[in-house]
Amino acid sequence: MSYGITDDTGGHIAYVLGAALAQARRADVARVDIVTRAFDDPTLGRDYARLSQRVNRKTRILRLATPDSRYLAKEALMADRPAMGRAFSRLISGFERKPDVIHVHFADAAAVVRDAAEEHSIPVVYTPHSLGIDKLGCMGGTPAAALTTRIEEERAALRTSDAIVVSSRDEAERQVEDYGVDVAAQTHRIPPGVILPPSGPGTAVARALVDPLLDDADRPMILAIARPVRKKNLATLIRAYLNDPLLYDRANLVILAGQRGPDIVQTPETRGVIEELERLAAPHAGRIALPARHSPDVVAQLYRLARQRGGVFVNPALHEPFGLTLLEAAQAGLPVVATREGGPVDILATLGHGVTVDPRDVEQVGTAIAGLLGDPARWTGASQAGRRNIGAFDWEVWAGRAQRVYGGLRRPARTFAAPRRVLACDIDGTLTGCRRSAELFRDWAETRDIPFVVATGRCISEARAVLAEWSLPEPDAFITAVGTELHRHGQNGRLILCPDYAAEIGRDWDRAAVARALAEAGAAMQAPIEQRGWKLACFGNEAEAARIRRHLQAAGLKARVVASHERLIDVLPLHGGKAAAIRAFARRYDLSAADCIVAGDSGNDIDMLTACGDGIIVGNALRELDALPPRAGLYRARGNHADGVLEGLGRAGVLVPTTPARVSA
């Protein structure tokens, strides 16, 4: 795959290929077809006109032929989309075995497959990659008609898809939610893997590309690799480099911004970005290298060469939905400076191989780069962390979790005619923490005859990610955000945010006034992504929670203040909380809180452990639960994590009591 040949050959191509190849390696996958549009353009290569191309034994590229055989940039594709849709319908109708799932990338693909998917009752999974609302935020001003149309198409794709798969928390909890469509329960965060094209040994190809453009090639290399579009913010990187005399004297700057030449398709935007980069770099030839062309095998070598020369990789994008280049840099052991806007925050929190910055702050970008280059111990620590932790991003893991999503779409929701009990469990530390006991709980859950609910402080996409990581079962409902959101099955079997519960806890909840009061009280707020519609999150212990509680009462505001884990505080509606959400779910089966069994390990579980009939405190529970007074039905398990849950279920008469062998050490 040659990247940068057109504006359309960016990181999403690596995503599609990496995902497809990993899926094809699974024993439970019979075939993977990558479907795209055929075009005939000799300057771009004859392969793109081939209607079928074998990748490996189980993977093909299938191309849709339409009457217009020209290459069309994505902005010009709309007119050809009806013909693409008809071609796709013919393709699917001709398959002897229909696909089990269609996974679309970008909203225009969702539009192309819609008719065929409906005709053959095939579920559709949607991965947005780069959403228009965020592009609009980067651009500012009045959106062009094409961008407005794109945003509406993305909203339609979100609304009509059976599941949405994204890469980062920012995509799941902010970008998708900005569209105002209730799809939180259909959204799954699955971190992608990293795959670089074969590069051959050493760095000879990379050195041949950049060294002739530099006066002193052995100096540390500041490296950036991105498409030449405005949101990638490459001009700011050049300005940050030129603005810092020490950085300018110490290091070289190398930017791989697509390909340039008479055979390269450019849009007005890419042409304008490249002209700006060339104008800024021209007076500094020998210090700044902007290679016009590169081969696919040079990218991996560039990361390697930059690491060998003690350099830094920089992603200064105004907004980055995920950031695959940061994974590529980590794989090579190259420290990074990355935008704090979007997915890089997740990546760096996981890998620890660099720092995030405000991409609009030229001085901050330069200072962050200089800080890594000027501190050998810090540089080495970041380099080692990237290589040590990169296994968290693995295409094989992605494929397994995607398969879990696909399987869930083809299984009907469990039904319970007249259950006598409901089980609600916290996740972190309660069901997780011991692989063996998590497997035992999963085995029990597969044969259960009562509804199972998770009750967690996380949002639903993060709850799902943790359940998948621990191979725990999908519950019958999700109680999330410390009991302020209840996702349950609607009439069509699709999970929805329960409107009745939302209305119930919304009474007397003035979020804006509570937020102002917290600011007045000097509360240390958690990151914006941790704030929800019915939950405001702070840092602090029980003493700080008590101070906040008094301040809200003095201000005449009705709210609950919940402290947990000795460092987290959640401010909720007066009528919200895990116990309230469990009661709301139980009412659907004409059950009360007395009929519910709950299990937890921390302070945000206190209300449900107090209010419900049977409460299970797992053996590894935090000390903040020590003060809970004894009562009939409250059981302190000897077993830790899921062992303790199973032990408590036996005590409650839901299964055979656990044996001592099941108790964790």
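A salt bridge is a side-chain nitrogen of Lys or Arg within 4 Å of a carboxyl oxygen of Asp or Glu. In general, side chains of opposite charge can pair when their charged atoms come close. The structure described here is a predicted model, and it holds 42 salt bridges.

One of these salt bridges joins Arg 25 to Glu 396, with 2.5 Å between the closest N and O atoms. This pair links distant parts of the chain, 371 residues apart: Arg 25 is in the loop between α1 and β1, and Glu 396 is in helix α16 (residues 395–410). Arg 25 counts as exposed because its relative accessibility is 53%, and exposed means over 50%. Glu 396 has a relative accessible area of 36% and is therefore partly exposed.

A salt bridge is also formed by the side chains of Asp 643 and Arg 436, at 2.8 Å from N to O. Asp 643 belongs to helix α24 (residues 641–651) and Arg 436 to helix α17 (residues 435–446), so the contact ties together parts that are 207 residues apart in sequence. Asp 643 has a relative accessible area of 1% and is therefore buried. Its partner Arg 436 is partly exposed, with a relative accessible area of 37%.

The salt bridge between the side chains of Glu 544 and Arg 547 (2.9 Å, N to O) lies within one helix. Both residues are in helix α21 (residues 542–554), and because they are 3 residues apart, about one helical turn separates them. Glu 544 counts as buried at 17% relative accessibility, since buried means under 20%. Arg 547, at 31% relative accessibility, counts as partly exposed. Elsewhere, Asp 134, Asp 170, Arg 174 and Asp 178 are joined into one network by salt bridges that share partners.

The model also contains an open sheet of 3 strands, in the order β1-β3-β2, with mixed pairing. The edges are formed by β1 (32–37) and β2 (52–56); each has a single partner strand, so one side of each is left without a neighbour in the sheet. From one strand to the next, the twist averages 25°. Strands of a sheet pair through backbone hydrogen bonds, either parallel or antiparallel. The pairing of β1 with strand β3 (residues 59–64) is parallel and extends over 6 bridges. Leu 62 in β3 is the bridge partner of Val 35.

Two helices are associated with this sheet. Helix α1 (residues 11–24) lies across β1, β2 and β3 and runs at about 155° to β1. Helix α2 (residues 81–93) packs on the sheet, where it touches β1 and β3, and its direction makes about 135° with that of β3.

The largest nonpolar core has 48 residues. The residues with the most contacts inside this core are Leu 223, Leu 302, Tyr 303, Phe 313, Leu 327, Ile 347 and Trp 398. When neighbours within four places in sequence are left aside, Ile 347 is in contact with Phe 322, Gly 323, Leu 326, Leu 327, Gly 352, His 353 and Phe 393. A second core, separate from the largest one, has 47 residues, including Ala 477, Trp 509, Leu 557 and Ala 581.

Conventions. Residues are numbered from 1 along each chain as its sequence is written. This is a predicted model: local features need pLDDT of at least 70, side-chain atom pairs count only at pLDDT 80 or more; totals for chains, interfaces and linings use all residues. Side-chain values use heavy atoms; hydrogens and water are left out. Two strands pair if DSSP finds at least two bridges between them. Helices (H or I, at least four residues) and strands (E, at least two) are DSSP runs, numbered from the N terminus. Axes are lines fitted to C-alpha atoms, for helices over the stretch in contact, and angles run from 0 to 180 degrees between N-to-C directions. Contact means heavy atoms within 4.5 Å. A nonpolar core is a set of buried Ala, Val, Leu, Ile, Met, Phe, Trp, Tyr and Cys residues joined through side-chain atoms within 4.5 Å. Buried means under 20% relative accessible area, exposed over 50%, partly exposed in between (1.4 Å probe, protein chains only).
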